[in-house]
Amino acid sequence: MTGSTPAPFTADDYRARMARAARDAADAGLAGLLVAPGPDMVWLTGYTPTAVTERLTVLVLAPGRDPVLVVPTLEAPDAEHATGASALTLRDWTDGKDPYAVTAALLDDRGRFGISDNTWAMHLLGLQRTLPGSSYASLTDALPMLRAVKDAAELELLAAAGAAADATFEEIRKVPFAGRRESDVGHDLADLLRRFGHSQVDFTIVGSGPNGANPHHEVGDRVIQQGDMVVLDFGGLKDGYGSDTTRTVHVGEPTEEERTVHDIVRAAQEAGYRTVRPGVACQEVDRAARAVIDDAGYGEYFIHRTGHGIGVTTHEPPYMIEGEEQPLVPGMCFSVEPGIYLPGRFGVRIEDIVTVTADGGRRLNDTTREMVIVD
């Protein structure tokens, strides 16, 4: 891949994110936020513990107070080297001490707190036991848009991840498919993603023939055959930000029906993309894509939402699904990925990552959406 690497985030970037998160918590009627190791902590502080164990690590954010990261003493040296460490206070605790008492001292004993979804149950229960008057709401419910709107630097990283996924597709279409197992092609996809800069491969779906009718088939030992439709859905993290794209290829010449179904999905994907602009509800993207497939008579075979957000994880809010009335905002990034799945026969899905611009949308994937013939 060519092009310059975006500048890394600074302590000031993380300070601003933590301050905004605390304000958002107050606006949502929360006394603060409790963030366990995981994507929210990475996004807010730049800190990833070397190992997530039974020892409590938690970031405490509250309006009007400085951020505090509670960490085990033996992990404090690593935490001190995190980029965002200078924007917060470290509070360490040693084995034999009660980490919940240390954390409780930073909290309103009758407050309601947002807590990251991946918090261990034992830690939440420990806090509840120490502060019986407190209550908690998952961050997905309380602040679903916390990470949804990306700044310019984040958009640059997402665009670079999308370009790497595109380069992967341009290479995978050159490899032999017929006579090889799905798992062989999946290994090729993973190797190519890493070659083009991914540090983490989250999934490599290779659904050939009837397996393509299962949207999350991933890979198996089925040998790909001449005449198969093959769904390729792959992605992961590059420089901390996600890629996710799907193209459906065909081994040899497709039938007229296969071309027709592929064309319907391509038209649905285009309709969803063309709906993207500020102020439009997320559900309208789903409705636009779904209407094309419904009108063509395949509505019962489109069995999942049209899209999901992407950022420091490959699946996050917002979601393009009926009932989601959240309006689109410039800087949001999400997939547009309609599909048709004919049980026992084949499936087709086409997916791009799209970001909302000031007056519409911009695709972060640019490989052809036409039917691609492979050997």
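**View 1. Tyr 241 is a buried residue in this predicted model.** Its relative accessible area is just 3%. Let's meet its ring partner, Phe 9, which is buried too, with a relative accessible area of 15%. The structure holds 4 aromatic pairs, and Phe 9 with Tyr 241 is one of them. A pair of aromatic rings is described by the distance of the centres and the angle of the planes. Here the ring centres lie 6.1 Å apart and the planes meet at 55 degrees, so we call the pair tilted. Where do Phe 9 and Tyr 241 lie? Phe 9 belongs to the segment before helix H1 (11-27), while Tyr 241 is part of strand S9 (residues 241-242), so this pair ties together parts that are 232 residues apart in sequence.

**View 2. Phe 9 also has other neighbours to look at.** Ring pairs join Phe 9, Tyr 14 and Tyr 241 into a cluster. Over the face of the Phe 9 ring lies Arg 17, at 4.4 Å from the ring centre.

**View 3. Tyr 298 and Tyr 301 make a tilted aromatic pair.** Their ring centres are 6.4 Å apart, with 55 degrees between the planes. Is each tyrosine buried or partly exposed? Tyr 298 has a relative accessibility of 16% and counts as buried, whereas Tyr 301, with a relative accessible area of 25%, is partly exposed.

**View 4. A charged group meets a ring at Arg 290 and Phe 302.** The charged end of Arg 290 is found over the Phe 302 ring, 3.9 Å from the ring's centre.

**View 5. Strand S3 (residues 68-72) is largely enclosed by the rest of the structure.** Why can we say this about strand S3? Because 5 of the 5 residues in S3 are buried. In a regular strand, side chains alternate between the two faces of the sheet. In S3, Val 68, Val 70 and Pro 72 point one way. Leu 69 and Val 71 point the other way, and all of these residues are buried.

**View 6. Strand S3 pairs with strands S2 and S4.** How many bridges join S2 to S3? Strand S2 (residues 58-61) runs antiparallel to S3, and 3 bridges join them. One bridge partnership is between Val 60 and Val 68 of S3. The hairpin of S2 and S3 has 6 residues between the strands, and there Gly 64 takes a positive phi near 80 degrees. Strand S4 (residues 89-93), in turn, runs parallel to S3 and is joined to S3 by 5 bridges. Here, look for Val 70 standing opposite Arg 91 in S4.

Conventions: Residues numbered from 1 in each chain as written. Predicted model: local features only at pLDDT ≥ 70, side-chain atom pairs only at ≥ 80, totals over all residues. Heavy atoms only, no water. Phe/Tyr/Trp six-rings, centres within 6.5 Å; stacked < 30°, edge-to-face > 60°. Helix = DSSP H or I, 4+ residues; strand = E, 2+ residues; numbered from the N terminus. Buried < 20%, exposed > 50% of the residue type's maximum accessible area, 1.4 Å probe, protein only. Lys NZ or Arg CZ within 6 Å of the ring centre and 35° of its normal. Pairing = 2+ DSSP bridges.
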